[in-house]
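Student: Please take a close look at one part of this model, the salt bridges. Which side chains pair, and where do they sit?

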Amino acid sequence: MADPKNEGFLTYAYLLLYIALSSGQIFFNKWVLSSKEINFPYPLALTLLHMVFSSVVCFVLTKVLKVLKVEEGMTSEIYATSVVPIGAMFAMTLWLGNTAYLYISVAFAQMLKAIMPVAVFVLGVAVGLEVMSCKMLLIMSLISFGVLVASYGEININWVGVVYQMGGVVGEALRLIFMEIFVKRKGLKLNPISVMYYVSPCSALCLFLPWIFLERSKMDDHGTWNFPPVLLILNCLCTFALNLSVFLVITHTSALTIRVAGVVKDWVVVLLSAALFADTKLTTINLFGYGIAIAGVAAYNNFKLKKEASRDPSNALVADEPTQKQESGPLISR
């Protein structure tokens, strides 16, 4: 029988690992893309590297070393109708989200991501997965108001960055909707490792095509590709480690725990970014608006958890429900 103290210690260790890796990866990506020393302002290329690295490592771990198992049940029809749309939207999310870091601060990007539940709910209502109610309308209004206040308090607002970030939010909302359709209508549930195995190659292909037309010529103009390979590989490794930490957290905690951890992580990112990056200047209005949005997100998470519990009490681990953004499930790369 496992020692409850050891189990509790492991749970907290996994949560701290997730928060540290998730926060660190956001800062790492921002630094790689904006640092003049590294000189790699290519969000498409960086995201493509993440997906190629994830695809290769997943294949080695599952098919060569066989230390992890990919769940069976995938068919060509399911892949074409479910995995491909999910992979395409995931590629869009990461591409646009990482591009936003070239124009806006990490803290402000994080504040804008708080609108995620609103986007998911609106799209869910449109496709019949959600039902409009007065309570949900109030929660969505609260989140939207908080994000608007936080945006109003932004000193150095860049609308190009805002457009990129909101495009990433829409892409992530569509991915989560496709994930829910995938589970509900196709009847196939996959763990995060299996999702990484199937989705990463598709996302890599979706990113490769626009990279050829939008960034390859810029990288060629840069001269010889003398970008720091060790640093870029380390960045990709951190991304994969983050995905594994999500797998560990989902396996050892409840859905509520990972939602709370996500909120804590978002606050860590917002506050630490002010100390780490010169382009981040937080105002009282920023923090006040973000606090309102977070309160709405907490109410949304509580509502969803109660709904899930009443529908299926045994369903304690949910990997693909949104908290605020892409950390809502597996495959987190920004």
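Tutor: The salt bridges come after a short note on the model and its overall make-up.

This is a predicted model: local features need pLDDT of at least 70, side-chain atom pairs count only at pLDDT 80 or more, and totals for chains, interfaces and linings use all residues. Residues are numbered from 1 along each chain as its sequence is written, and side-chain values use heavy atoms, with hydrogens and water left out.

The protein has twelve helices and zero strands. Both are DSSP runs numbered from the N terminus: helices are H or I with at least four residues, strands are E with at least two. Of the 334 residues, 53% are buried. Buried means under 20% relative accessible area, exposed means over 50%, and partly exposed lies in between (1.4 Å probe, protein chains only).

Now the pairs. Side chains of opposite charge can pair when their charged atoms come close. The rule for a salt bridge here is a side-chain nitrogen of Lys or Arg within 4 Å of a carboxyl oxygen of Asp or Glu. By this rule there are three salt bridges.

Take Glu 172 and Arg 175. Their closest N and O atoms are 3.0 Å apart. Both residues lie in helix H7 (residues 159–186), three residues apart, about one turn of the helix. An α-helix has 3.6 residues a turn, so residues three or four places apart point the same way. Glu 172 counts as buried because its relative accessibility is 0%. Arg 175 is buried too, with a relative accessible area of 1%.

Next, Asp 220 and Arg 216. This salt bridge has an N to O distance of 4.0 Å. Helix H9 (residues 216–221) holds both residues, four residues apart, again about one turn of the helix. Asp 220 is at 40% relative accessibility, so Asp 220 counts as partly exposed. Arg 216 is also at 40%, and so is partly exposed.

That leaves Lys 265 and Asp 266. Here the closest N and O atoms are 2.5 Å apart. Lys 265 has 1% relative accessibility and therefore counts as buried. Asp 266, at 2%, is buried as well.

To recap by burial: Glu 172 is buried, and so is Arg 175. Lys 265 is buried, as is Asp 266. Asp 220 is partly exposed, and Arg 216 is partly exposed.
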